[in-house]
Amino acid sequence: MGDGKNGETQSLLRMAKELFRSFAYGGSGSGASRPRVGLALAGGFARGIAHIGVLRVFREAGIPIDVVAGTSVGALIATAYCAGVPLETMERVAYETKFTDFGRWTPSWLGLATNHRLEQFLERMTKVKRFEDLQKPLAIATTDINAGLPVYYCGGPIAPALRASCAYPGLFVPVQFESRTLVDGFLTALVPVEGTLLLGAEAVIAVYLEAGSIGEPRTFTDVLSRSFNIIQRHADLEWRQHADVVIEPDVKCFVWDDFSKSGEMIRAGEEAALKALPAIRNVLEGKKVHSDE
């Protein structure tokens, strides 16, 4: 009797999932052509944990993602995702994370800390070390601080590009790689839509994490991050013009190191992604590509 009830429950769950997918795709058949979908994940320190919630909704709704680009923490989540790391593993690691897992305080003229530990932090989720070994194409956004231009990496070793993308100016020492001095990608690729286009995306879903200003600044890092946030609010947000769907989880109430509130940030990502499903459905239906291409 128990087995029959369990089978009935599983059947209902399958039906619900199919209905959910039907809603996401607008009822299109599995053989229908669709655009090559790119996902651009913005930075935001701990707020980037919201990306896990977005990815969870995509998984449950069957939203196809073909290529991914990431900036800063978005690059970290994107790397894990493209390596095939289960979302449950990402969530567990997020709950356990603290600053010293990826940063080491070493005050110098170039920054307050180094992020060499980020390489070991990534190894807690995946042993993949090169872009070529990932399951999905990935572009990591960095900034050449001397040229003032974005530099995308999509081949070779992952670790240097990831460390550079997460090298927040003033906090982390810049990363020297391939004769360039690199810092956080958010300076030139706040939301790396361009990176997905470089990988051949025909439709782009962008996830933007706007920071808020809750209470008085507590530390030098708070002052620094809020200053950059103000600049970003007044910057030319050209990336929006090239994104087909923009998802904006409400994470303004979280500060840069709120790792202990991972659950709340993941839920914020889920809620925002659920609201975006109709728009994503329209993109998948409205931008067809020929099946013979």
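Is Thr-181 buried or exposed? At 17% relative accessibility, Thr-181 counts as buried, because the cut-off for buried is under 20%. The views below start from this residue. The model is predicted.

**View 1. Thr-181 and its contacts in strand S9.**
Thr-181 sits in strand S9. Its side chain makes a polar contact with the side chain of Gln-176, at 3.1 Å. Thr-181 also touches residues outside its own stretch of sequence, leaving out those up to four places away. These are Thr-143, Asp-144, Ile-145, Asn-146, Pro-174, Val-175 and Gln-176.

**View 2. The whole chain, for orientation.**
The protein chain has ten helices and eleven strands. It holds 293 residues, and buried residues make up 53% of them. Take the contacts with a separation of 6 or more. Residues 24 or more positions apart account for 77% of those contacts.

**View 3. Asp-66 in the loop between H2 and S2.**
Asp-66 is placed in the loop between helix H2 (50-61) and strand S2 (67-71). Which side chain does the side chain of Asp-66 join in a polar contact? The partner is Arg-34, at 2.7 Å. The backbone is involved too: the backbone nitrogen of Val-37 lies 2.7 Å from a polar atom of the Asp-66 side chain. Setting aside neighbours within four places in sequence, Asp-66 is in contact with Arg-34, Pro-35, Arg-36 and Val-37. Lys-136 and Pro-137 are also on that list.

**View 4. Helices H2 and H3 packed together.**
H2 and helix H3 (residues 73-82) pack at an angle of about 35°. Their axes are 10 Å apart. The crossing of H2 past H3 is right-handed. From H2, the residues that meet H3 are His-51, Ile-52 and Leu-55. From H3, they are Gly-74, Ile-77 and Tyr-81. What kinds of residue form the contact of H2 with H3? Four are nonpolar, two are polar and none is charged. One rule of helix geometry helps in reading this view. An α-helix has 3.6 residues a turn, so residues three or four places apart point the same way.

**View 5. Helix H3 from end to end.**
Ten of the ten residues of H3 are buried, so H3 is largely enclosed by the rest of the structure. The buried residues run from Val-73, Gly-74, Ala-75, Leu-76 and Ile-77 to Ala-78, Thr-79, Ala-80, Tyr-81 and Cys-82. Gly-84 follows H3. Its phi is positive, near 85°.

**View 6. Tyr-153 and Phe-177, a tilted aromatic pair.**
A pair of aromatic rings is described by the distance of the centres and the angle of the planes. The count of aromatic pairs comes to three. One of them is formed by Tyr-153 and Phe-177. Their ring centres are 5.3 Å apart, with 50° between the planes, and the pair is tilted. Tyr-153 lies in strand S6 (residues 149-153) and Phe-177 in strand S8 (residues 175-177), so the pair ties together parts that are 24 residues apart in sequence. Tyr-153 is buried, with a relative accessible area of 7%. Phe-177 is buried as well, at 14%.

**View 7. Tyr-168 and Phe-186, a stacked aromatic pair.**
Tyr-168 and Phe-186 form a stacked pair. Their centres are 5.1 Å apart, and the planes make an angle of 15°. Where do the two residues lie? Tyr-168 is in the loop between helix H6 (158-165) and strand S7 (170-172). Phe-186 is in the loop between strand S9 (180-184) and helix H7 (193-198). The pair links distant parts of the chain, 18 residues apart. Tyr-168 counts as buried at 6% relative accessibility, and Phe-186 counts as buried at 9%.

**View 8. Cys-166 in the loop between H6 and S7.**
Cys-166 lies in the loop between H6 and S7. Its relative accessible area is 12%, and it is buried. Cys-166 and Val-183 are 17 residues apart along the chain, with their C-alpha atoms separated by 7.1 Å. Not counting residues up to four places away, Cys-166 touches Ser-72, Val-73, Asn-115, Leu-118, Phe-172 and Asp-184.

**View 9. Val-173 in the loop between S7 and S8.**
Val-173 lies in the loop between S7 and S8. Val-173 and Ala-113 are 60 residues apart in sequence. In space they are 6.2 Å apart, C-alpha to C-alpha. Leaving aside neighbours within four places in sequence, Val-173 is in contact with six residues' worth of partners named here: Ser-108, Leu-110, Gly-111, Ala-113, Thr-114 and Ala-167.

Technical notes. Residues are numbered from 1 along each chain as its sequence is written. This is a predicted model: local features need pLDDT of at least 70, side-chain atom pairs count only at pLDDT 80 or more; totals for chains, interfaces and linings use all residues. Side-chain values use heavy atoms; hydrogens and water are left out. Helices (H or I, at least four residues) and strands (E, at least two) are DSSP runs, numbered from the N terminus. A polar contact is a pair of N or O atoms within 3.5 Å; within protein, one must be able to donate a hydrogen and the other to accept it, and residues adjacent in sequence count only if both atoms are side-chain atoms. Contact means heavy atoms within 4.5 Å. Rings of Phe, Tyr and Trp (its six-membered ring) pair if their centres lie within 6.5 Å; planes under 30 degrees apart count as stacked, over 60 as edge-to-face and the rest as tilted. Buried means under 20% relative accessible area, exposed over 50%, partly exposed in between (1.4 Å probe, protein chains only). Axes are lines fitted to C-alpha atoms, for helices over the stretch in contact, and angles run from 0 to 180 degrees between N-to-C directions. A crossing is left-handed if the near helix is turned anticlockwise from the far one by less than a right angle, and right-handed if clockwise. Ala, Val, Leu, Ile, Met, Phe, Trp, Tyr, Cys and Pro count as nonpolar, Asp, Glu, Lys and Arg as charged, and the others, Gly among them, as polar.
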